[in-house]
Amino acid sequence: MRRGTVLSVAAALVWLAAAAVIAWSLGTLLTDPSRLQPLVMAGGFAALALLRSLLEAAAQRALARAADARIAALRDGITRAEAAAATPSAHGGAGALAALAAEKLEAVRPYLLRYRPARMRASVLPLVILAIAAWHSWAVAVVLLLAGPLIPVFMALVGWAAKSASEEQMAEIGQLSDLLVDRLAALSDLRLVGAGPQTVDSFARASEDLRHRTMAVLRIAFLSSTVLELFSALGVAMVAIWVGFSLLGELGWGAWGAELSPAVGIYLLLLAPEFFQPLRDLAAAWHDRAAAEAVLDEIDAWRAEDRPQRMGHGTQAAPLAPLPVVQLQGVSRGAIRFPDLRVAPGETVALTGPSGCGKTTLLRLLAGLERPDTGRILLDGRVLEDDTADAWRATLGWMPQAPHFGNRSLRHNIGFGAPLDPALIETARLSEVLASLPRGDLTRLGERGAGLSGGEARRVTLARALHGRPGLILADEPTADLDAATAHAITDGLMRYVRDGGTLILATHDPALAARMDRQVALGTAEAAA
(Lines give C-alpha, C1' and ligand atoms only; values in the text may rest on other atoms or scores of the structure.)
Protein backbone atom coordinates (compact mmCIF):
# COMPACT_ATOMS: atom_id res chain seq x y z
CA MET A 1 0.00 0.00 0.00
CA ARG A 2 2.82 2.43 0.84
CA ARG A 3 4.51 1.84 -2.53
CA GLY A 4 1.35 2.66 -4.45
CA THR A 5 0.76 5.77 -2.36
CA VAL A 6 4.31 7.04 -2.93
CA LEU A 7 4.02 6.44 -6.68
CA SER A 8 0.73 8.37 -6.69
CA VAL A 9 2.41 11.34 -5.01
CA ALA A 10 5.34 11.16 -7.43
CA ALA A 11 2.97 11.21 -10.41
CA ALA A 12 1.29 14.34 -9.03
CA LEU A 13 4.65 16.07 -8.51
CA VAL A 14 5.64 15.42 -12.14
CA TRP A 15 2.85 17.76 -13.19
CA LEU A 16 4.64 20.66 -11.49
CA ALA A 17 7.54 20.21 -13.89
CA ALA A 18 5.18 19.81 -16.86
CA ALA A 19 3.37 23.02 -15.85
CA ALA A 20 6.73 24.82 -15.73
CA VAL A 21 7.44 23.72 -19.31
CA ILE A 22 4.03 25.00 -20.46
CA ALA A 23 4.42 28.29 -18.57
CA TRP A 24 7.93 28.93 -19.91
CA SER A 25 6.86 28.16 -23.46
CA LEU A 26 3.82 30.46 -23.36
CA GLY A 27 5.77 33.18 -21.53
CA THR A 28 8.57 33.05 -24.10
CA LEU A 29 6.02 33.14 -26.91
CA LEU A 30 4.59 36.37 -25.45
CA THR A 31 7.92 38.12 -24.67
CA ASP A 32 10.57 36.81 -27.08
CA PRO A 33 9.28 34.25 -29.63
CA SER A 34 12.76 33.91 -31.19
CA ARG A 35 14.00 32.07 -28.09
CA LEU A 36 11.23 29.48 -28.26
CA GLN A 37 12.24 25.95 -29.32
CA PRO A 38 8.92 24.23 -30.04
CA LEU A 39 10.29 20.74 -30.65
CA VAL A 40 12.36 20.76 -27.48
CA MET A 41 9.45 22.03 -25.39
CA ALA A 42 7.01 19.58 -26.96
CA GLY A 43 9.43 16.71 -26.46
CA GLY A 44 10.04 17.67 -22.83
CA PHE A 45 6.32 17.98 -22.16
CA ALA A 46 5.61 14.63 -23.87
CA ALA A 47 8.35 12.93 -21.84
CA LEU A 48 6.94 14.32 -18.59
CA ALA A 49 3.42 13.33 -19.59
CA LEU A 50 4.58 9.80 -20.38
CA LEU A 51 6.45 9.59 -17.07
CA ARG A 52 3.36 10.75 -15.20
CA SER A 53 1.18 8.19 -16.98
CA LEU A 54 3.61 5.38 -16.18
CA LEU A 55 3.80 6.40 -12.53
CA GLU A 56 0.00 6.59 -12.25
CA ALA A 57 -0.41 3.18 -13.90
CA ALA A 58 2.20 1.66 -11.57
CA ALA A 59 0.52 3.31 -8.58
CA GLN A 60 -2.91 1.93 -9.51
CA ARG A 61 -1.52 -1.57 -10.00
CA ALA A 62 0.26 -1.49 -6.64
CA LEU A 63 -2.80 -0.09 -4.87
CA ALA A 64 -5.11 -2.64 -6.50
CA ARG A 65 -2.86 -5.54 -5.45
CA ALA A 66 -2.62 -4.18 -1.91
CA ALA A 67 -6.38 -3.66 -1.69
CA ASP A 68 -7.06 -7.20 -2.97
CA ALA A 69 -4.64 -8.63 -0.41
CA ARG A 70 -6.12 -6.62 2.46
CA ILE A 71 -9.73 -7.50 1.65
CA ALA A 72 -8.85 -11.16 1.04
CA ALA A 73 -7.11 -11.28 4.43
CA LEU A 74 -10.12 -9.74 6.19
CA ARG A 75 -12.53 -12.08 4.41
CA ASP A 76 -10.37 -15.10 5.17
CA GLY A 77 -10.18 -14.04 8.81
CA ILE A 78 -13.97 -13.81 9.07
CA THR A 79 -14.45 -17.18 7.40
CA ARG A 80 -11.84 -18.94 9.53
CA ALA A 81 -13.07 -17.39 12.78
CA GLU A 82 -16.68 -18.37 12.10
CA ALA A 83 -15.63 -21.88 11.09
CA ALA A 84 -13.67 -22.25 14.34
CA ALA A 85 -16.33 -20.72 16.63
CA ALA A 86 -18.40 -23.13 18.67
CA THR A 87 -21.31 -20.72 19.19
CA PRO A 88 -23.17 -18.29 16.90
CA SER A 89 -22.09 -14.67 16.69
CA ALA A 90 -24.06 -11.95 18.42
CA HIS A 91 -23.32 -9.82 15.36
CA GLY A 92 -26.16 -11.47 13.47
CA GLY A 93 -27.21 -14.53 11.55
CA ALA A 94 -25.80 -16.07 8.43
CA GLY A 95 -27.16 -13.26 6.26
CA ALA A 96 -25.51 -10.50 8.31
CA LEU A 97 -22.16 -12.31 8.37
CA ALA A 98 -22.35 -13.03 4.64
CA ALA A 99 -23.08 -9.35 4.01
CA LEU A 100 -20.12 -8.37 6.19
CA ALA A 101 -17.72 -10.73 4.40
CA ALA A 102 -18.99 -9.88 0.91
CA GLU A 103 -20.61 -6.57 0.01
CA LYS A 104 -19.67 -4.64 3.15
CA LEU A 105 -15.99 -5.51 2.85
CA GLU A 106 -16.08 -4.18 -0.70
CA ALA A 107 -16.73 -0.74 0.84
CA VAL A 108 -13.14 -0.88 2.10
CA ARG A 109 -11.77 -1.09 -1.46
CA PRO A 110 -12.49 2.55 -2.49
CA TYR A 111 -11.00 3.67 0.82
CA LEU A 112 -7.75 1.86 0.03
CA LEU A 113 -7.69 2.78 -3.67
CA ARG A 114 -8.80 6.41 -3.42
CA TYR A 115 -8.87 7.86 0.07
CA ARG A 116 -5.47 6.85 1.38
CA PRO A 117 -3.54 7.97 -1.74
CA ALA A 118 -5.62 11.17 -1.82
CA ARG A 119 -4.79 11.83 1.82
CA MET A 120 -1.07 11.48 1.12
CA ARG A 121 -1.27 13.74 -1.93
CA ALA A 122 -3.21 16.29 0.14
CA SER A 123 -0.46 16.16 2.76
CA VAL A 124 2.42 16.72 0.31
CA LEU A 125 1.34 18.48 -2.87
CA PRO A 126 -0.32 21.62 -1.41
CA LEU A 127 2.74 22.29 0.75
CA VAL A 128 5.07 22.00 -2.25
CA ILE A 129 2.84 24.27 -4.35
CA LEU A 130 2.53 26.74 -1.48
CA ALA A 131 6.32 26.93 -1.20
CA ILE A 132 6.68 27.51 -4.97
CA ALA A 133 3.95 30.14 -4.92
CA ALA A 134 5.52 31.91 -1.91
CA TRP A 135 8.89 31.99 -3.73
CA HIS A 136 7.33 33.97 -6.60
CA SER A 137 4.47 35.86 -4.88
CA TRP A 138 3.56 36.32 -1.28
CA ALA A 139 0.08 37.50 -2.35
CA VAL A 140 -0.73 34.21 -4.07
CA ALA A 141 0.68 32.29 -1.09
CA VAL A 142 -1.62 34.24 1.27
CA VAL A 143 -4.67 33.49 -0.89
CA LEU A 144 -3.86 29.78 -0.97
CA LEU A 145 -3.02 29.75 2.72
CA LEU A 146 -6.38 31.32 3.62
CA ALA A 147 -8.55 29.25 1.29
CA GLY A 148 -6.85 25.89 1.73
CA PRO A 149 -7.30 25.19 5.48
CA LEU A 150 -11.03 25.97 5.38
CA ILE A 151 -11.64 22.92 3.22
CA PRO A 152 -10.36 20.27 5.71
CA VAL A 153 -12.31 21.98 8.51
CA PHE A 154 -15.60 21.70 6.66
CA MET A 155 -14.71 18.20 5.47
CA ALA A 156 -14.20 17.09 9.08
CA LEU A 157 -17.56 18.57 10.11
CA VAL A 158 -19.31 16.85 7.24
CA GLY A 159 -17.32 13.65 7.85
CA TRP A 160 -18.75 13.16 11.33
CA ALA A 161 -22.24 13.17 9.92
CA ALA A 162 -21.16 10.95 7.00
CA LYS A 163 -19.74 8.28 9.30
CA SER A 164 -22.91 8.17 11.40
CA ALA A 165 -25.06 7.86 8.28
CA SER A 166 -22.77 5.14 6.86
CA GLU A 167 -22.96 3.12 10.09
CA GLU A 168 -26.76 3.24 9.95
CA GLN A 169 -26.68 2.21 6.28
CA MET A 170 -24.36 -0.76 6.96
CA ALA A 171 -26.53 -1.92 9.87
CA GLU A 172 -29.57 -1.76 7.59
CA ILE A 173 -27.78 -3.88 4.96
CA GLY A 174 -26.99 -6.56 7.56
CA GLN A 175 -30.58 -6.63 8.82
CA LEU A 176 -31.95 -6.88 5.29
CA SER A 177 -29.56 -9.76 4.51
CA ASP A 178 -30.68 -11.62 7.63
CA LEU A 179 -34.31 -11.04 6.68
CA LEU A 180 -33.67 -12.38 3.18
CA VAL A 181 -31.96 -15.55 4.44
CA ASP A 182 -34.71 -16.15 7.01
CA ARG A 183 -37.54 -15.72 4.51
CA LEU A 184 -35.87 -17.80 1.80
CA ALA A 185 -35.33 -20.63 4.29
CA ALA A 186 -39.03 -20.60 5.18
CA LEU A 187 -40.32 -19.83 1.67
CA SER A 188 -42.22 -23.08 1.18
CA ASP A 189 -43.89 -22.75 4.58
CA LEU A 190 -44.82 -19.12 3.90
CA ARG A 191 -46.46 -20.11 0.64
CA LEU A 192 -48.37 -22.91 2.33
CA VAL A 193 -49.88 -20.60 4.95
CA GLY A 194 -50.58 -17.86 2.40
CA ALA A 195 -48.14 -15.34 3.87
CA GLY A 196 -46.65 -14.35 0.52
CA PRO A 197 -48.16 -10.83 0.34
CA GLN A 198 -47.09 -10.03 3.91
CA THR A 199 -43.56 -11.22 3.11
CA VAL A 200 -43.41 -9.01 0.03
CA ASP A 201 -44.65 -6.05 2.09
CA SER A 202 -41.97 -6.63 4.74
CA PHE A 203 -39.27 -6.67 2.04
CA ALA A 204 -40.69 -3.51 0.52
CA ARG A 205 -40.55 -1.70 3.86
CA ALA A 206 -37.01 -2.92 4.58
CA SER A 207 -35.87 -1.90 1.08
CA GLU A 208 -37.43 1.53 1.49
CA ASP A 209 -35.63 2.01 4.80
CA LEU A 210 -32.34 1.06 3.15
CA ARG A 211 -33.04 3.51 0.31
CA HIS A 212 -33.55 6.33 2.83
CA ARG A 213 -30.27 5.44 4.57
CA THR A 214 -28.41 5.37 1.25
CA MET A 215 -29.85 8.71 0.15
CA ALA A 216 -28.78 10.24 3.48
CA VAL A 217 -25.20 9.17 2.79
CA LEU A 218 -25.35 10.56 -0.76
CA ARG A 219 -26.78 13.90 0.43
CA ILE A 220 -23.85 14.32 2.80
CA ALA A 221 -21.39 13.38 0.04
CA PHE A 222 -22.87 15.98 -2.31
CA LEU A 223 -22.80 18.59 0.46
CA SER A 224 -19.09 18.04 1.07
CA SER A 225 -18.36 18.35 -2.67
CA THR A 226 -20.35 21.59 -2.90
CA VAL A 227 -18.48 23.17 0.01
CA LEU A 228 -15.14 22.20 -1.49
CA GLU A 229 -15.98 23.48 -4.95
CA LEU A 230 -17.03 26.82 -3.48
CA PHE A 231 -13.77 27.46 -1.63
CA SER A 232 -11.54 26.12 -4.41
CA ALA A 233 -13.34 28.26 -7.03
CA LEU A 234 -12.95 31.35 -4.87
CA GLY A 235 -9.25 30.64 -4.32
CA VAL A 236 -8.50 30.09 -8.02
CA ALA A 237 -10.51 33.18 -8.98
CA MET A 238 -8.60 35.39 -6.55
CA VAL A 239 -5.25 34.15 -7.86
CA ALA A 240 -6.41 34.73 -11.45
CA ILE A 241 -7.52 38.27 -10.62
CA TRP A 242 -4.21 39.14 -8.96
CA VAL A 243 -2.14 37.64 -11.79
CA GLY A 244 -4.24 39.34 -14.46
CA PHE A 245 -4.09 42.81 -12.93
CA SER A 246 -0.40 42.41 -12.12
CA LEU A 247 0.44 41.54 -15.74
CA LEU A 248 -1.61 44.53 -16.88
CA GLY A 249 0.40 46.76 -14.56
CA GLU A 250 -2.57 47.70 -12.41
CA LEU A 251 -1.12 46.07 -9.29
CA GLY A 252 2.45 46.63 -8.15
CA TRP A 253 2.48 44.62 -4.95
CA GLY A 254 2.55 40.98 -4.01
CA ALA A 255 5.66 39.82 -5.93
CA TRP A 256 8.41 40.69 -3.45
CA GLY A 257 8.97 44.02 -5.18
CA ALA A 258 9.83 42.45 -8.54
CA GLU A 259 7.79 42.71 -11.71
CA LEU A 260 5.67 39.65 -12.43
CA SER A 261 6.76 38.05 -15.71
CA PRO A 262 4.21 36.37 -18.02
CA ALA A 263 5.92 32.97 -17.54
CA VAL A 264 5.68 33.21 -13.74
CA GLY A 265 2.10 34.49 -13.92
CA ILE A 266 1.03 31.61 -16.16
CA TYR A 267 2.85 29.16 -13.90
CA LEU A 268 0.99 30.46 -10.85
CA LEU A 269 -2.31 30.19 -12.74
CA LEU A 270 -1.52 26.58 -13.60
CA LEU A 271 -0.51 25.78 -10.00
CA ALA A 272 -3.58 27.30 -8.32
CA PRO A 273 -6.05 24.58 -9.44
CA GLU A 274 -3.45 21.91 -8.64
CA PHE A 275 -3.20 23.29 -5.10
CA PHE A 276 -6.88 22.47 -4.58
CA GLN A 277 -6.97 19.28 -6.67
CA PRO A 278 -5.59 16.96 -3.93
CA LEU A 279 -8.11 18.45 -1.51
CA ARG A 280 -10.87 17.89 -4.08
CA ASP A 281 -9.75 14.28 -4.51
CA LEU A 282 -9.75 13.88 -0.74
CA ALA A 283 -13.26 15.32 -0.46
CA ALA A 284 -14.50 13.06 -3.26
CA ALA A 285 -13.16 10.07 -1.34
CA TRP A 286 -14.31 11.34 2.06
CA HIS A 287 -17.54 9.34 2.04
CA ASP A 288 -15.45 6.27 1.06
CA ARG A 289 -13.55 6.81 4.29
CA ALA A 290 -16.78 7.11 6.28
CA ALA A 291 -18.19 3.90 4.77
CA ALA A 292 -14.92 1.99 5.27
CA GLU A 293 -14.57 3.11 8.89
CA ALA A 294 -18.13 2.00 9.57
CA VAL A 295 -17.30 -1.46 8.18
CA LEU A 296 -13.96 -1.68 10.02
CA ASP A 297 -15.64 -0.64 13.29
CA GLU A 298 -18.19 -3.38 12.71
CA ILE A 299 -15.39 -5.90 12.16
CA ASP A 300 -13.66 -4.71 15.34
CA ALA A 301 -16.91 -5.20 17.29
CA TRP A 302 -17.28 -8.68 15.80
CA ARG A 303 -13.67 -9.53 16.71
CA ALA A 304 -14.22 -8.32 20.27
CA GLU A 305 -16.79 -11.05 20.91
CA ASP A 306 -15.61 -13.62 23.42
CA ARG A 307 -16.81 -16.92 21.99
CA PRO A 308 -15.65 -20.45 22.76
CA GLN A 309 -13.65 -22.05 19.99
CA ARG A 310 -14.28 -25.41 18.42
CA MET A 311 -11.58 -27.95 19.11
CA GLY A 312 -8.96 -28.65 16.47
CA HIS A 313 -6.80 -26.76 14.02
CA GLY A 314 -9.14 -27.12 11.03
CA THR A 315 -6.65 -29.22 9.07
CA GLN A 316 -7.18 -32.45 7.18
CA ALA A 317 -6.18 -35.49 9.23
CA ALA A 318 -6.30 -39.26 8.87
CA PRO A 319 -8.99 -41.08 10.89
CA LEU A 320 -7.97 -42.80 14.09
CA ALA A 321 -7.53 -46.53 13.56
CA PRO A 322 -8.47 -48.68 15.28
CA LEU A 323 -11.41 -46.89 16.91
CA PRO A 324 -10.43 -45.90 20.45
CA VAL A 325 -12.40 -46.48 23.62
CA VAL A 326 -14.33 -43.30 24.47
CA GLN A 327 -14.60 -42.22 28.12
CA LEU A 328 -16.26 -39.28 29.89
CA GLN A 329 -14.81 -38.30 33.26
CA GLY A 330 -16.50 -35.56 35.30
CA VAL A 331 -17.73 -33.70 32.20
CA SER A 332 -20.03 -30.71 32.62
CA ARG A 333 -21.25 -28.00 30.30
CA GLY A 334 -23.09 -25.01 31.69
CA ALA A 335 -25.53 -26.19 34.34
CA ILE A 336 -25.48 -29.79 33.09
CA ARG A 337 -23.25 -32.41 34.67
CA PHE A 338 -23.03 -35.60 32.63
CA PRO A 339 -22.55 -39.09 34.04
CA ASP A 340 -19.23 -40.81 33.56
CA LEU A 341 -19.41 -43.01 30.50
CA ARG A 342 -17.33 -45.61 28.69
CA VAL A 343 -18.09 -46.73 25.12
CA ALA A 344 -16.03 -49.51 23.57
CA PRO A 345 -15.76 -50.14 19.79
CA GLY A 346 -18.81 -51.97 18.47
CA GLU A 347 -21.15 -50.82 21.25
CA THR A 348 -24.44 -49.03 20.75
CA VAL A 349 -25.65 -46.46 23.28
CA ALA A 350 -28.90 -44.51 23.46
CA LEU A 351 -28.93 -41.16 25.30
CA THR A 352 -32.43 -40.64 26.66
CA GLY A 353 -34.18 -38.09 28.80
CA PRO A 354 -36.52 -35.12 28.53
CA SER A 355 -35.92 -32.15 26.25
CA GLY A 356 -33.30 -29.80 27.66
CA CYS A 357 -31.41 -32.45 29.58
CA GLY A 358 -28.30 -32.12 27.38
CA LYS A 359 -28.49 -34.98 24.86
CA THR A 360 -27.53 -32.82 21.87
CA THR A 361 -24.93 -31.00 23.94
CA LEU A 362 -23.31 -34.30 24.89
CA LEU A 363 -23.16 -35.38 21.24
CA ARG A 364 -21.48 -32.06 20.35
CA LEU A 365 -19.01 -32.53 23.19
CA LEU A 366 -18.22 -36.05 21.98
CA ALA A 367 -17.66 -34.70 18.46
CA GLY A 368 -15.31 -31.97 19.71
CA LEU A 369 -17.68 -29.26 18.47
CA GLU A 370 -17.87 -27.80 21.97
CA ARG A 371 -15.47 -27.83 24.90
CA PRO A 372 -16.48 -29.11 28.35
CA ASP A 373 -16.37 -26.60 31.17
CA THR A 374 -15.00 -29.26 33.49
CA GLY A 375 -13.84 -32.84 33.14
CA ARG A 376 -12.22 -34.75 30.29
CA ILE A 377 -13.17 -36.79 27.25
CA LEU A 378 -10.60 -39.54 26.70
CA LEU A 379 -9.77 -41.51 23.57
CA ASP A 380 -7.86 -44.62 24.64
CA GLY A 381 -6.71 -42.59 27.61
CA ARG A 382 -5.65 -39.57 25.53
CA VAL A 383 -7.50 -36.31 26.18
CA LEU A 384 -9.68 -34.98 23.37
CA GLU A 385 -8.17 -31.55 22.68
CA ASP A 386 -6.94 -29.40 19.81
CA ASP A 387 -4.15 -31.77 18.81
CA THR A 388 -6.46 -34.80 18.59
CA ALA A 389 -9.79 -33.28 17.53
CA ASP A 390 -9.17 -33.16 13.75
CA ALA A 391 -8.22 -36.84 13.52
CA TRP A 392 -11.08 -37.74 15.86
CA ARG A 393 -13.69 -35.92 13.77
CA ALA A 394 -12.31 -37.64 10.66
CA THR A 395 -13.29 -40.90 12.38
CA LEU A 396 -16.89 -39.83 12.97
CA GLY A 397 -20.13 -39.78 11.04
CA TRP A 398 -22.52 -37.00 12.09
CA MET A 399 -26.28 -37.14 11.71
CA PRO A 400 -27.95 -33.93 12.95
CA GLN A 401 -31.60 -33.67 13.82
CA ALA A 402 -32.26 -30.84 11.35
CA PRO A 403 -31.07 -31.77 7.84
CA HIS A 404 -28.96 -29.07 6.18
CA PHE A 405 -27.46 -29.18 2.73
CA GLY A 406 -25.12 -27.21 0.54
CA ASN A 407 -26.50 -25.73 -2.66
CA ARG A 408 -24.90 -28.50 -4.70
CA SER A 409 -25.95 -31.87 -6.10
CA LEU A 410 -27.18 -34.70 -3.89
CA ARG A 411 -24.02 -36.62 -4.80
CA HIS A 412 -21.86 -33.73 -3.59
CA ASN A 413 -23.87 -33.41 -0.39
CA ILE A 414 -23.25 -37.05 0.45
CA GLY A 415 -19.71 -37.71 -0.78
CA PHE A 416 -18.35 -34.38 -2.08
CA GLY A 417 -18.90 -35.47 -5.69
CA ALA A 418 -17.65 -39.05 -5.46
CA PRO A 419 -19.91 -41.66 -7.13
CA LEU A 420 -22.28 -43.24 -4.60
CA ASP A 421 -21.52 -46.79 -3.48
CA PRO A 422 -24.47 -49.13 -4.29
CA ALA A 423 -24.11 -50.64 -0.80
CA LEU A 424 -24.47 -47.17 0.70
CA ILE A 425 -27.60 -46.54 -1.37
CA GLU A 426 -29.06 -49.81 -0.13
CA THR A 427 -28.20 -49.21 3.52
CA ALA A 428 -29.68 -45.69 3.52
CA ARG A 429 -32.69 -46.80 1.43
CA LEU A 430 -31.97 -44.10 -1.17
CA SER A 431 -33.16 -45.98 -4.29
CA GLU A 432 -36.67 -44.54 -4.18
CA VAL A 433 -35.33 -41.05 -3.40
CA LEU A 434 -32.96 -41.11 -6.40
CA ALA A 435 -35.72 -42.41 -8.67
CA SER A 436 -38.00 -39.51 -7.69
CA LEU A 437 -35.45 -36.78 -8.47
CA PRO A 438 -35.25 -35.38 -12.04
CA ARG A 439 -31.48 -35.92 -12.37
CA GLY A 440 -30.98 -38.61 -9.77
CA ASP A 441 -27.97 -38.01 -7.53
CA LEU A 442 -26.92 -35.08 -9.74
CA THR A 443 -30.04 -33.10 -8.78
CA ARG A 444 -29.12 -29.81 -7.11
CA LEU A 445 -30.45 -29.40 -3.58
CA GLY A 446 -31.16 -26.11 -1.89
CA GLU A 447 -29.90 -25.47 1.63
CA ARG A 448 -33.18 -26.90 2.95
CA GLY A 449 -33.22 -29.86 0.56
CA ALA A 450 -35.78 -28.52 -1.91
CA GLY A 451 -37.66 -31.38 -3.56
CA LEU A 452 -37.10 -33.76 -0.62
CA SER A 453 -39.63 -34.68 2.01
CA GLY A 454 -38.60 -34.74 5.66
CA GLY A 455 -38.08 -38.48 5.58
CA GLU A 456 -36.12 -38.36 2.33
CA ALA A 457 -33.89 -35.60 3.70
CA ARG A 458 -33.22 -37.74 6.78
CA ARG A 459 -32.19 -40.66 4.56
CA VAL A 460 -29.74 -38.39 2.74
CA THR A 461 -28.22 -37.31 6.08
CA LEU A 462 -27.91 -40.99 7.03
CA ALA A 463 -26.10 -41.69 3.75
CA ARG A 464 -23.81 -38.73 4.43
CA ALA A 465 -23.05 -40.04 7.92
CA LEU A 466 -22.30 -43.51 6.52
CA HIS A 467 -20.11 -42.26 3.67
CA GLY A 468 -16.45 -42.98 4.21
CA ARG A 469 -17.16 -45.89 6.58
CA PRO A 470 -16.75 -43.99 9.88
CA GLY A 471 -15.80 -45.89 13.01
CA LEU A 472 -18.45 -44.11 15.10
CA ILE A 473 -21.72 -42.41 14.19
CA LEU A 474 -23.25 -39.74 16.41
CA ALA A 475 -26.94 -39.40 15.58
CA ASP A 476 -29.24 -36.75 17.04
CA GLU A 477 -32.91 -37.80 17.06
CA PRO A 478 -32.59 -39.80 13.81
CA THR A 479 -36.27 -40.89 13.82
CA ALA A 480 -37.89 -37.71 15.18
CA ASP A 481 -40.98 -36.43 13.31
CA LEU A 482 -40.95 -39.36 10.87
CA ASP A 483 -43.76 -41.71 9.96
CA ALA A 484 -43.47 -45.29 11.19
CA ALA A 485 -42.27 -46.72 7.86
CA THR A 486 -39.54 -44.10 7.39
CA ALA A 487 -38.46 -44.36 11.04
CA HIS A 488 -38.18 -48.15 10.60
CA ALA A 489 -36.05 -47.67 7.45
CA ILE A 490 -33.69 -45.25 9.23
CA THR A 491 -33.41 -47.60 12.20
CA ASP A 492 -32.64 -50.58 9.95
CA GLY A 493 -29.95 -48.56 8.16
CA LEU A 494 -28.27 -47.69 11.47
CA MET A 495 -28.47 -51.28 12.72
CA ARG A 496 -27.00 -52.60 9.48
CA TYR A 497 -24.07 -50.22 10.02
CA VAL A 498 -23.70 -51.66 13.55
CA ARG A 499 -23.77 -55.24 12.26
CA ASP A 500 -20.93 -54.35 9.89
CA GLY A 501 -18.79 -53.43 12.91
CA GLY A 502 -19.75 -49.80 13.51
CA THR A 503 -20.18 -48.04 16.85
CA LEU A 504 -23.29 -45.94 17.45
CA ILE A 505 -24.19 -43.28 20.00
CA LEU A 506 -27.54 -41.62 19.48
CA ALA A 507 -29.87 -39.25 21.28
CA THR A 508 -33.52 -40.16 21.03
CA HIS A 509 -37.03 -39.88 22.44
CA ASP A 510 -38.03 -42.98 20.48
CA PRO A 511 -38.43 -45.90 22.93
CA ALA A 512 -38.45 -48.45 20.11
CA LEU A 513 -35.14 -47.20 18.77
CA ALA A 514 -33.61 -46.92 22.25
CA ALA A 515 -34.64 -50.52 23.00
CA ARG A 516 -32.53 -51.80 20.11
CA MET A 517 -29.33 -50.32 21.60
CA ASP A 518 -27.00 -52.32 23.85
CA ARG A 519 -27.68 -49.91 26.70
CA GLN A 520 -29.43 -46.68 27.55
CA VAL A 521 -28.00 -43.73 29.46
CA ALA A 522 -30.69 -41.54 31.01
CA LEU A 523 -29.78 -37.88 31.39
CA GLY A 524 -31.50 -35.62 33.92
CA THR A 525 -32.78 -32.09 33.35
CA ALA A 526 -30.48 -29.11 33.64
CA GLU A 527 -32.29 -28.03 36.78
CA ALA A 528 -31.82 -31.40 38.41
CA ALA A 529 -28.17 -31.52 37.49
CA ALA A 530 -27.62 -28.06 38.91
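# A cavity, a parallel sheet and a pocket

The largest cavity is lined by Leu323, Pro324, Val326, Val343, Ala344, Pro345, Leu472, Thr503 and Ile505. Its volume is about 30 Å³. How many cavities of 30 Å³ or more does a search of the whole structure find? The search finds one. The model is predicted.

## The parallel sheet

Several lining residues of the cavity belong to strands. Leu472 is in β8, which spans residues 472-476. Thr503 and Ile505 are in β9, which covers 503-507. These strands belong to an open sheet of five strands, ordered β7-β8-β9-β4-β10, with parallel pairing. Which strands form the edges? They are β7 (396-399) and β10 (519-522), and each pairs on one side only. From one strand to the next, the twist averages 15°.

Strand β4 takes in residues 348-352 and runs parallel to β9. Four bridges join the two. Within this pairing, threonine 348 stands opposite leucine 504 of β9.

Helix α10 (residues 359-366) lies across β4, β7, β8 and β9. The angle between α10 and β8 is about 155°.

## Leucine 366, in helix α10

Leucine 366 lies in α10. Is leucine 366 buried or exposed? Its relative accessible area is 3%, under the 20% cut-off, so leucine 366 counts as buried. Leaving out residues up to four places away in sequence, leucine 366 touches Val326, Leu328, Ile377, Leu384, Trp392, Leu396, Leu474 and Ile505. Among these partners, Leu396 is in β7, Leu474 is in β8, and Ile505 is in β9. Leucine 366 and isoleucine 505 are 139 residues apart along the chain, and their C-alpha atoms are separated by 9.6 Å. Ile505 also lines the largest cavity, as does Val326.

## The antiparallel strands

Val326 and Leu328, also touched by leucine 366, are in strand β1, residues 326-333. Strand β1 runs antiparallel to β5 (residues 374-379), with five bridges between them. Leucine 328 stands opposite isoleucine 377 of β5, and leucine 366 touches each of these residues.

Strand β5 also runs antiparallel to β6 (residues 382-383), joined by two bridges. Leucine 379 has arginine 382 of β6 as its bridge partner. Two residues sit between the strands of this hairpin. One hairpin residue, aspartate 380, takes a positive phi near 55°.

Ahead of β1 comes a loop that starts after α9 (286-303) and contains proline 322. The peptide bond from alanine 321 to proline 322 is cis, with omega near -5°.

## Helix α11 and the largest pocket

Which residues of α11 are buried? They are Thr388, Ala389, Asp390, Ala391 and Trp392. Their cover includes β1, α10, β5, β6, β7 and β8. One contact of this kind is that of leucine 366 with Trp392.

Helix α11 also takes part in the largest pocket. That pocket has a volume of about 1500 Å³. Its lining has 37 residues, and those nearest its centre are Leu369, Arg393, Trp398, Phe416 and Arg464. The elements giving two or more residues to the lining are α2 (38-84), α11 (386-394), β7, α12 (410-415) and α15 (454-466).

## Two loop residues with positive phi

Phe416, listed above for the pocket, is not a glycine, yet has a positive phi. Arginine 469 is likewise a residue other than glycine with a positive value.

| Residue | Phi | Loop | Relative accessible area |
|---|---|---|---|
| Phe416 | about 55° | α12 to α13 (422-427) | 71%, exposed |
| Arg469 | near 50° | α15 to β8 | 70%, exposed |

Phenylalanine 416 counts as exposed because its 71% is over the 50% cut-off. Arginine 469, at 70%, is exposed on that criterion.

## Serine 8, in helix α1

Serine 8 lies in α1, which spans residues 2-31. At 9% relative accessible area, it is buried. What does serine 8 contact, leaving aside its neighbours within four places in sequence? The contacts are Ala59, Pro117 and Arg121. Of these, Ala59 is in α2. With arginine 121, serine 8 makes a side-chain polar contact of 2.5 Å.

Note on methods:
Residues are numbered from 1 along each chain as its sequence is written. This is a predicted model: local features need pLDDT of at least 70, side-chain atom pairs count only at pLDDT 80 or more; totals for chains, interfaces and linings use all residues. Side-chain values use heavy atoms; hydrogens and water are left out. Buried means under 20% relative accessible area, exposed over 50%, partly exposed in between (1.4 Å probe, protein chains only). A polar contact is a pair of N or O atoms within 3.5 Å; within protein, one must be able to donate a hydrogen and the other to accept it, and residues adjacent in sequence count only if both atoms are side-chain atoms. Contact means heavy atoms within 4.5 Å. Two strands pair if DSSP finds at least two bridges between them. Axes are lines fitted to C-alpha atoms, for helices over the stretch in contact, and angles run from 0 to 180 degrees between N-to-C directions. On a 1 Å grid over the protein atoms alone, a cavity is a set of points where a 1.4 Å probe fits but cannot get out, and a pocket is an open set with protein on both sides within 12 Å along at least five of seven lines; lining residues have an atom within 4 Å of a point. Grid points are joined across faces, edges and corners, and a volume is the space filled by probe spheres set on the points.
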